[in-house]
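Student: Could you take me through one part of this protein up close? I'd like to start with a cysteine and work outward from there.

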Amino acid sequence: MKRKLFSLFSLFKRSLDKNTVVGVATYANTVNAVCLKKQYGHWKIHKYHSVEITEKHDYTAAITLCTQQVSSDVCAVNLVIPHSLYQIVQIEKPALSDEEIIQSLPWTTKDLVDIDPENIVADFIDYPITLPMQSKKMNVFITSKLQLLPFIDSFKQVKPLLRTMTSEEMTLVTLLGTSKDAHMLICSMPALSHVF
């Protein structure tokens, strides 16, 4: 994405341990956290913790607990937010700079989602396929600031610092690395056992 989805939520400018990083992934029924430490130039799994959740409000406590269990270092945390918190829409890409597009997204997408423009947090990626005689398109990831605030507040009680928030789709894309070859990534999501 143009500026890592929701990276504007970095909290503090403290010195971070560059050899430690925490990843927290939130799903419909679980929160998983893993701490990676760099040893001899290679990243190794240091600790892992998982917590089952049954209610939407359990996310914040589970995020805090998982983060505390895997690391007490002042390090960066990358958070993957659950599917239920964001929407993806495809729209035509305007002839603006990337920064201007990002600034305009709350107003250009307000009619496509049920979120007030003042509460929209959005980012985009270019749609990779352009057909002849067709305008460029982009995929826009949209969520509500109000939904994200409890997630951000979860990190006030732990030493690791929230660096980025992203979607599951974007983390899956990074699994393939960079290559000129075409790839197809198929991901199957489990059926939700409950609805929030």
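Tutor: Happy to. Let's begin with Cys-35, which counts as buried at 0% relative accessibility. Keep in mind as we go that this is a predicted model.

So which cysteine sulfur is closest to the one in Cys-35? That would be the sulfur of Cys-75, 5.7 Å away. Cys-75 is buried too, with a relative accessible area of 0%. Two buried cysteines facing that question make you think of a disulfide, so let's check. A disulfide needs the two sulfur atoms within 2.5 Å. At 5.7 Å, the sulfur of Cys-35 is too far from that of Cys-75 for a bond. Turn it around and you get the matching answer: the closest cysteine sulfur to Cys-75 is the one in Cys-35, and the gap is too long for a bond. For the structure as a whole, the disulfide count is 0.

Now widen the view to the nonpolar core. The largest one has 27 residues, and the members that touch the most others are Val-24, Val-31, Leu-79 and Met-165. Several elements each supply at least two residues to this core: strand 1 (20–26), strand 2 (30–39), helix 1 (58–70), strand 4 (76–80), helix 3 (145–153) and strand 8 (161–166). Helix 1 gives the most, with 5 residues. A separate core of 13 residues lies apart from it, and includes Val-89, Ile-115, Ile-120 and Met-138. As a general point, nonpolar side chains in soluble globular proteins tend to be buried together.

While you're looking at Val-24, find Ile-81 as well. Ile-81 sits in the loop between strand 4 and strand 5 (86–92). Is Ile-81 buried or exposed? Despite the loop address, Ile-81 is buried, because its relative accessible area is 1% and the cut-off for buried is under 20%. Its C-alpha atom is 8.6 Å from that of Val-24, although the two residues are 57 apart along the chain.

Next, the rings. There are 2 aromatic pairs to look at. One is Tyr-59 with Phe-151: the ring centres are 5.5 Å apart and the planes meet at 40°, so this pair is tilted. Tyr-59 belongs to helix 1 and Phe-151 to helix 3, so the pair ties together parts that are 92 residues apart in sequence. Tyr-59 and Phe-151 are both buried. The other pair is Tyr-86 with Phe-141, where the centres are 6.3 Å apart and the planes are again at 40°, so this one is tilted as well. Here Tyr-86 comes from strand 5 and Phe-141 from strand 7 (residues 137–144), so parts 55 residues apart in sequence are tied together. Tyr-86 and Phe-141 are buried too.

Finally, step back to the whole chain. You'll find 4 helices and 8 strands, and from the N terminus they run β-β-β-α-β-β-α-β-β-α-β-α. Of the contacts between residues with a separation of 6 or more, 65% involve residues 24 or more positions apart. Out of 196 residues, 38% count as buried. The chain exposes about 11,900 Å², with carbon and sulfur atoms supplying 55% of that.

Notes
Residues are numbered from 1 along each chain as its sequence is written. This is a predicted model: local features need pLDDT of at least 70, side-chain atom pairs count only at pLDDT 80 or more; totals for chains, interfaces and linings use all residues. Side-chain values use heavy atoms; hydrogens and water are left out. Buried means under 20% relative accessible area, exposed over 50%, partly exposed in between (1.4 Å probe, protein chains only). Contact means heavy atoms within 4.5 Å. Accessible areas come from the Shrake-Rupley method with a 1.4 Å probe; for residues, only the protein chains shown count as cover. A nonpolar core is a set of buried Ala, Val, Leu, Ile, Met, Phe, Trp, Tyr and Cys residues joined through side-chain atoms within 4.5 Å. Rings of Phe, Tyr and Trp (its six-membered ring) pair if their centres lie within 6.5 Å; planes under 30 degrees apart count as stacked, over 60 as edge-to-face and the rest as tilted.
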